[in-house]
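Reader: I have the model open and would like to go through the reasoning behind a few labels. Could you take me through them?

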Amino acid sequence: MDVGNLRHPHRRSRLGRVIAVLAMAAALSLGLLVPAMAQQPSRGGHLTIAQSAEPPVLDPSATTATAATSIVHHNVLEGLVKVDGNGNLVPGLAESWTVSPDATEYVFRLRQGVRFHNGQPFTSADVKAKFEVARDPNSGHTNYLYYENIAAIETPDDYTVIFRMSEPDAEFLYNLARPDSVIPPAGYGEAQRTHPIGTGPFRFVEWVRGSHVRLERFDGYYRPGLPYLDGVTFRFIADPNAQVAALLAGDIDAIGGAVTAEQAFRVQQAPGFKVIEGPSTSTVVLAMNNSRAPLNDVRVRRAINHAVNKEEVMVGAEFGFGQVIGSHMTPAEPYYADMTEMYPYDPARARAFLAEAGYPNGFRLTLSLPNSYTYAVRAGEIMAEHLSRVGIQVDIELVEWATWLSRIFGQADYDLTVIGHAEPMDINIYANPNYYFRYDSPEARALLAEARSTGSEEGRRDVYRRLQEHIARDAVNVWVYARPYFILSRTDLYGWWEKLPMVITDVTEVYFAR
Amino acid sequence: MQVYLIRRAITFAVTVWLAASLAFVTLLIIPGNPAQIILGIDASPSAVAAVERALGLDEPPMVRYLRWLGDLARLDLGTSLVYGVPVGSLIAERLRVTLPLTIMALVLATVLGVPLGLFAARRRGSWADLAATAFAQIGIATPSFWLGIFLILVFAVNLRWLPAGGFTPWSQNPGKAFLSLVLPAFALGLARAASLTRIVRSAALEVLSADYIRTARAKGVPEGVVIRRHVLRNALIAVATVISLETAQLLAGAIIVENVFTLPGLGTLVLNAVSNRDFPLVQGIVVCIACVILVLSLVTDILYAYLDPRIRYS
């Protein structure tokens, strides 16, 4: 059956084809191929960029909210390793590193002469202090699981750090590039939440709550000539219409973060502005509660996978921007494998699966949608319609974000929901039976453990492919599409990231053309 | 008078306590965990538990409630769970935006609504009356967020006379601070001006048909004096009541308008506080708004006695 699924030719309805063409026309009409670099970068100027959400705190080791990481990660705070705009791991505060073949020992050579924004020199002591806290499950650090395999941190001198792992952990290097792994000056403490100090190209100046965060160029930055800008202001404008109005009125220079396709259309039509669009790591899923009947039956979940027309969802929710996916990784992530052929849109097959599972007349489910995320609400409404075509009656329930977090994410009290998982490389959630999917698979856990202990790049690629295929075969969720990443900016601003392999607004190399 | 004041003071305290308690209970009933909201979706459960402990959320609700009440008695509103800043200073900071905005909107509503209402009443049935009534109807029916966006498009995007949103602090540039409140004040005040026009018109019509107006006109009092001394003065009781009620409406309307114009005021603060389940902050704002409204109703009552010498409190 599974192999049959894989081999089954990708069938597309006529409507599906029409929509695909429309989507392509939409993409072309936006003229998205904007050249990245027009001329020589020039120094100076103050950039004001809007984002919709204000973060609760500004320290990524105290929050995973992308509203916080988008401002401070890379711009103010840095880790040993960074992900660049193409998703490659590049040196951050470490200038080089070696990993033992069994991935149990990581040796980092730190950059010399680096200073924090408060003047304190950066040394191995700061690294040790950071990760001693991070690996303590009781410290309140966002995610100790990234660091749980650290057995010992040694600092033979000021510029060498050795991590000894209790078991092979090939994920560790990538985890060090996450926002959670940024390094503050040792002993700075709680103040990091509101007045972050780091080593990045910009230093924090002020946070006027309800209004903006302002950063200024850090003259002591270790990369010569960078940054180009004198300063950056991140302004919090919740309403998408107000964001576009502020851009057109010249109050702000760009819109980043959670930009919608409607905004992109409006800005593209206005002279003097441009739209940058690329892939992001945000995986939009129709999540299913795998522990609840009838969703605990894999045939029912496969039926739902066949019932959803992903192209149509993407057109309705994102004006056709984005990319259809088939498992829990996006093309912006390093080990992406294409699984889109496994469940082609096929209502007849969906009905057959339902009949086989003993539900020839369908059943009734509740789809809970987080009302603050327009794309999720729209995608959910369209998928509810798709499911009703194969006999599954869906009651839509709109829930507020805090309720979603507590009831659905926290207690798994739901049937179906739609949400974008923005975090890159988060396929490990399928190894956690308590995660809100309530998916319990020893095979998935074994595959993840294998990925962690595989040092070689090709080996890891193979294991991750098998893992993506395994969860897709189990039809844990419907992986609908990868969300598009947009930057809407004045035409004379250059140096933006073209993809979003990490959810940040890195303005290190952004400049105004003169 | 003394007994009256004591009675008012007791009512005041009880109302504030009830309002704040209601806010606390509501936040307890609706789902949502501030620790999870701070940490976000990708944090580990152990981190959530650690933050809950740090914020004191692991204590029973009754203990938290009583501690908060004790602090309130000492005029301490506590610390915001999410921002980690004293609630009092957060509110004081935001009032610097919301208070001037509300006052500007109120002044706008009054200087537009009162003359327009009087004007319409004097020319009852004329095309001018019709126009004023139409303005009132449309003004009341227009949602403030729509009007806000409309004003931004016309005056900020097309004409570029005023900023599209945001706020320049008073300390930095008072002129710019004022300018950044002009469009929001219009978006907020226009509906109130419209409803005031209607009330003033009907109150004035009632007075205009009274016997003493006919008497005044019959004895040759100039029309301007009739309107000022007799019509307006007698219609003012109704108007004062309405203005005090309108101010409460303005504070509620500020939540929407501040969001459209992204003003760092009390409205955006309360919205964030509720969606963050920031208990002390929500309660603090509720206490603050309750106080403002109670003070306002007290001022209105005192104003009644001034406007109408027949009213006396004992």
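Author: Gladly! In this predicted model, domain 1 of chain A and domain 2 of chain A bury about 930 Å² between them, with carbon and sulfur atoms giving 67% of that area. A:Pro279, A:Phe319 and A:Pro424 supply 39% of what domain 1 of chain A buries there, more than any other three residues.

Reader: What makes A:Arg378 and A:Glu262 a salt bridge?

Author: The closest N and O atoms of A:Arg378 and A:Glu262 are 2.4 Å apart. The cut-off for a side-chain nitrogen of Arg and a carboxyl oxygen of Glu is 4 Å, so the pair qualifies. The count between domain 1 of chain A and domain 2 of chain A is one salt bridge.

Reader: Now the two chains. Why is the pair B:Arg277 and A:Glu400 called a salt bridge?

Author: By the same kind of check: their side chains meet at 2.6 Å, N to O. That lies within 4 Å, and therefore the name fits. Between chain B and chain A the count is one salt bridge, alongside twelve residue pairs in polar contact.

Reader: Which residues make up the side of chain B that touches chain A?

Author: By class, that side of chain B has 23 nonpolar, twelve polar and five charged residues. The contact takes 40 residues from chain B and 45 residues from chain A. In chain B, B:Ile41, B:Asp42 and B:Tyr83 lose the most area to chain A, together 19% of what that side buries.

Conventions. Residues numbered from 1 in each chain as written. Chains lettered and ligands numbered in written order. Predicted model: local features only at pLDDT ≥ 70, side-chain atom pairs only at ≥ 80, totals over all residues. Heavy atoms only, no water. Contact = heavy atoms within 4.5 Å. Buried area = accessible area lost by both parts, 1.4 Å probe. Polar contact = N/O pair within 3.5 Å; in protein donor to acceptor, adjacent residues only side chain to side chain. Nonpolar A, V, L, I, M, F, W, Y, C, P; charged D, E, K, R; others polar.
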